Amino acid sequence: PLAPLPISINGKPYFHDGDPAMPLLWFLRDILRLTGTKYGCGIGACGACTVLIDGKAVRSCVTPMQAAANHKITTIEGLETNALHPVQQAWIEEDVAQCGYCQAGQIMAAVDLLQRKPKPNDDDIATIGNFCRCGTYPRIRRAIARAAE
Ligand code: FES
């Protein structure tokens, strides 16, 4: 039998005793029912499934449980503590979302960017590379700039 894999998600401890190759996204959505993180392409291309592992943005659809084990995962559900995260607040103030599907991933990627680059320029923001089929990119840029203030 496989040894259960320990994993911390939004500050709570869990174990995964299934297939170690299972994508983290499946664990979040199907087992924990943390459905804020979205499934888009499943091949690491779109960014809809972005979560933080030890504070760094990763695409959970291509992250196996064995790679996520023993790390701290933060999902969109874990971003808000007592109040909205400043990036979430900026997203609301700039009214970023259209259909909304990619937005949790966009926000998680923005949180990671702002940790690395507290005053990002447009080129820095472009490195995020998460797709938005509604084309909310101008509002995403404004929200990130607002959160950086
Ligand atoms: Fe993971 Fe598209 S669903 S990158």
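With 149 residues, the protein chain would be expected to have a radius of gyration near 15 Å if it were a compact globule, and its value of 15 Å agrees with that (the radius is taken over C-alpha atoms, and the globule rule is 2.2 Å times the number of residues to the power 0.38). This is a predicted model: local features need pLDDT of at least 70, side-chain atom pairs count only at pLDDT 80 or more, and totals for chains, interfaces and linings use all residues. Residues are numbered from 1 along each chain as its sequence is written. Taken along the principal axes, the C-alpha atoms fill a box of roughly 50 × 30 × 25 Å.

Of the 149 residues, 41% count as buried (20 or more other C-beta atoms within 10 Å of a residue's own; exposed means 12 or fewer, partly exposed is in between, and C-beta atoms are placed from the backbone). Among contacts between residues at least 6 apart in sequence, 62% join residues at least 24 apart (a contact being two C-beta atoms, placed from the backbone, within 7 Å).

On to the secondary structure: the chain has 7 helices and 5 strands, and along the sequence these read β-β-α-β-β-α-β-α-α-α-α-α. Both kinds of element are DSSP runs numbered from the N terminus, helices being H or I over at least four residues and strands E over at least two.

The 5 strands make up an open sheet of mixed pairing, ordered β2-β1-β5-β3-β4 (two strands pair if DSSP finds at least two bridges between them). At the edges sit β2 (12-16) and β4, each pairing on one side only. From one strand to the next the twist averages 40° (axes are lines fitted to C-alpha atoms, for helices over the stretch in contact, and angles run from 0 to 180 degrees between N-to-C directions).

Strand β1 (residues 5-9) runs parallel to β5 (residues 72-74), with 2 bridges between them; here I9 has I73 as its bridge partner. By contrast, β3 (residues 50-53) and β4 (residues 56-59) are antiparallel over 4 bridges, and L52 faces A57 in β4. These two strands form a hairpin with 2 residues between them, and D54 in that turn has a positive phi of about 50°. Helix α5 (residues 103-116) lies across β3 and β4, at about 35° to β3.

Ahead of the hairpin, C41 belongs to the loop between α1 (24-31) and β3. C41 counts as partly exposed because it has 14 C-beta neighbours inside 10 Å. K12 and C41 are 29 residues apart in sequence and 28 Å apart in space, C-alpha to C-alpha.
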